[in-house]
Amino acid sequence: FNATLQGYLDQMSIVTNGLEVGLKVLDRQKVLLLKSIQETYEKIDPLELLSLPAKYCVQQYHDELPYNQIVKANIESCITSARNYANSMISSANTYYSYLKSYYTNIFNPNLNACAKSNSNPSLNYTLCVTSVVSIITE
């Protein structure tokens, strides 16, 4: 049962690390996107100075470009929501793990030990006792 519990901890750790890596990737993508938006502004702003038609085109389409602050806020909001959701999932899993570990430690193992003490020789009574203990956990 200890191996099973350790397996659950390992799986939760894998999920936690995977989620954290995914959030770091989103953060890096945010930085790249914001840099790209900034570069776009730096390239089109001087075009306004070339001529009146160029100025007209830039002004006409300028509003369609995303604003860095809005994009940054939206992505950061998304990352925060994802992190909160991930923390909630992991917290729930940790709660179930704690209940399961407590059950194994405080109820299941002591009951198995009691079976072994009361039925020192392997016998049908020992088998029935262990079956009873196991059936309680599966109900």
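Two residues are said to be in contact here when heavy atoms of theirs lie within 4.5 Å. With that cut-off in hand, and bearing in mind that the model is predicted, one can begin at asparagine 119, which, once residues up to four places away in sequence are set aside, touches Asn125, Tyr126 and Cys129. Asparagine 119 sits in the loop between H3 and H4, and with a relative accessible area of 15% it is buried, because the limit for that class is under 20%. The C-alpha atoms of asparagine 119 and cysteine 129 are separated by 8.6 Å, although the two residues are 10 positions apart along the chain.

Cysteine 129 leads on to the disulfide, of which the structure holds 1. The bond joins cysteine 129 to cysteine 115, with a distance of 1.8 Å from S to S. Since cysteine 115 belongs to helix H3, which covers residues 68-118, and cysteine 129 to helix H4, which covers residues 124-138, the pair ties together parts that are 14 residues apart in sequence. The torsion about the S-S bond is about -80°, and the disulfide is therefore left-handed. The two partners fall into separate accessibility classes: cysteine 115 is buried, at a relative accessible area of 1%, whereas cysteine 129 is partly exposed, at 23%. Two further cysteines can be placed on this scale, for cysteine 57 counts as partly exposed at 39% relative accessibility, and cysteine 78 is likewise partly exposed, with a relative accessible area of 45%.

Next to cysteine 78 in the numbering comes isoleucine 79, which is found in helix H3. Is isoleucine 79 buried or exposed? Its relative accessible area is 6%, so isoleucine 79 is buried. Apart from neighbours within four places in sequence, isoleucine 79 is in contact with Leu23, Leu26 and Asp27. The last of these, aspartate 27, is 52 residues away along the chain, yet the C-alpha atoms of isoleucine 79 and aspartate 27 are separated by 7.6 Å.

The loop between helix H2, residues 52-62, and H3 offers another point to look at, since proline 66 is found there. Proline 66 is partly exposed, with a relative accessible area of 38%, and, leaving aside neighbours within four places in sequence, it is in contact with Ile37, Tyr41 and Val71. Between proline 66 and lysine 43, which are 23 residues apart in sequence, the distance from C-alpha to C-alpha is 15 Å.

These local views can now be set within the chain as a whole, which contains 4 helices and 0 strands. Read from the N terminus on, the elements follow the order α-α-α-α. The radius of gyration of the chain is 30 Å, well over the 14 Å that the globule rule gives for 139 residues, so the chain is more spread out than a compact globule. Along its principal axes, the C-alpha trace spans about 100 × 20 × 20 Å. Of the 139 residues, 17% count as buried, and both cysteine 115 and isoleucine 79 carry that label.

How much of the contact pattern comes from residues 24 or more positions apart? Among the contacts in the chain with a separation of 6 or more, such residues account for 68%; the pair of isoleucine 79 and aspartate 27, 52 residues apart along the chain, gives a specific case of remote positions brought to 7.6 Å, C-alpha to C-alpha.

Turning to the surface, the accessible area of the chain comes to about 10,200 Å², and carbon and sulfur atoms contribute 59% of it. The chain also carries 10 positive and 11 negative side chains, and the centres of these two sets lie 10 Å apart.

Terms used. Residues are numbered from 1 along each chain as its sequence is written. This is a predicted model: local features need pLDDT of at least 70, side-chain atom pairs count only at pLDDT 80 or more; totals for chains, interfaces and linings use all residues. Side-chain values use heavy atoms; hydrogens and water are left out. Helices (H or I, at least four residues) and strands (E, at least two) are DSSP runs, numbered from the N terminus. The radius of gyration is taken over C-alpha atoms; the globule rule is 2.2 Å times the number of residues to the power 0.38. Buried means under 20% relative accessible area, exposed over 50%, partly exposed in between (1.4 Å probe, protein chains only). Accessible areas come from the Shrake-Rupley method with a 1.4 Å probe; for residues, only the protein chains shown count as cover. Lys and Arg count as positive and Asp and Glu as negative; His and the chain ends are not counted. The place of a charge is taken as NZ of Lys, CZ of Arg, CG of Asp or CD of Glu. A disulfide is a pair of cysteine sulfur atoms within 2.5 Å.
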